[in-house]
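Hi everyone, thanks for coming. I'd like to walk you through a few aromatic rings and a helix, so have a look at this one.

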Amino acid sequence: MTVHFGTDSLRAHWGRSTVCIGTFDGVHLGHRQVVATAVRDARLHDEPCVLLTFDRHPAAVLAPDKVPPALATLSQNLDVFRELGVDVAVVYPFDRKTAETEADAFLDEVLVKRLLAERIVVGHDFALGHDRKGTAAWLAERIATDIVPPYEVEGLRVSSSAVRSLVLEGKVAEAAGLLGRPLTLQGVVVSGQKLGRRLGFPTINLSLPVAQAVPGDGVYAGTCRIGSARFAAAIGIGTRPTVGGQERSIEAYLIDYPGDSVYGRSVDLAVVQRIREEIKFDSMESLAAQMEDDVRKTRGLVSA
């Protein structure tokens, strides 16, 4: 899969294409249906599948005070698109100019002239252009359009907002059922207060470069990928009330980690299963005993 940022320098080398469009926040199971349909249609017509997504959530421009935390980073989304068989991914800037572009102009200038779209694939609730006038039905009146219906899991319609609600409630296993994979936080390891080391459980502290949806406060079982290596991880999210913490943090004890320094390195922290809520302990000894139990439970729930 080739990736292009914007279309100004894009020189389409194909005759015609099948194009799917969307924000694809988290690329959940519903999004996967849209992308898989586009890939299938493209293969049937012997043409490339071109996916157009945006460099930020549209709310960042249209309603900055209501921007939802992302379910995945752009890098993670692109990895899923590649796995699904997309040939070309175009990351389009969603700025004020894009927000004010009329639907017919976006269709003609970007989708047809730049991407050489012969057909479009979108989800049932898709809309483009100024004031969202370019609905799926509107597109179908102007170009061959495959409209993918809602996707449900056990009677629940899969949507980014539904996944996000589950994540914020700490229901990460349920969220994974809608995402099709565990929620994975992508960040950089930074220095912490080293309290875990004094308790016999040295942890890494994760800083998130972008606003990602973080599970509710509690302790979770998960995995951590550092480069090509993966480790089971007992993950603590919250303010650490036992030690008088004020700011929310994301920490992880990596089980069987050899101990090499990882400060400044990028890691993927998959949050798989909630173990317990965050509580304040009467002593550091009680906290250490609980952490030992958390690690034991993590070993039983996940493997590297």
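First, some vocabulary: buried means under 20% relative accessible area, exposed means over 50%, and partly exposed is in between, with a 1.4 Å probe and protein chains only. Bear in mind that this is a predicted model, where local features need pLDDT of at least 70, side-chain atom pairs count only at pLDDT 80 or more, and totals for chains, interfaces and linings use all residues. Residues are numbered from 1 along each chain as its sequence is written, and side-chain values use heavy atoms, leaving out hydrogens and water.

Okay, rings. Phe, Tyr and Trp (its six-membered ring) pair if the centres lie within 6.5 Å; planes under 30 degrees apart are stacked, over 60 edge-to-face, and the rest tilted. We've got four aromatic pairs here. One of them is Phe54 with Phe94, edge-to-face at 5.4 Å centre to centre and 90° between the planes. Phe54 counts as buried because its relative accessibility is 13%, and Phe94 is buried too, at 10%.

Then there's Phe231 with Tyr257: the centres are 5.0 Å apart and the planes sit at 85°, so that's edge-to-face. Phe231 is buried at 13%, whereas Tyr257, at 23%, is partly exposed.

Now helix H8, residues 172-179 (helices are DSSP runs of H or I, at least four residues, numbered from the N terminus). Which residues of H8 are buried? Val172, Ala175, Ala176, Leu178 and Leu179. They cover an arc of only 160° around the axis, so they're on the same side of H8; that arc uses directions from the helix axis to the C-beta atoms. Right after H8 comes Gly180, with a positive phi near 90°.

How values were computed. Helix = DSSP H or I, 4+ residues; strand = E, 2+ residues; numbered from the N terminus.
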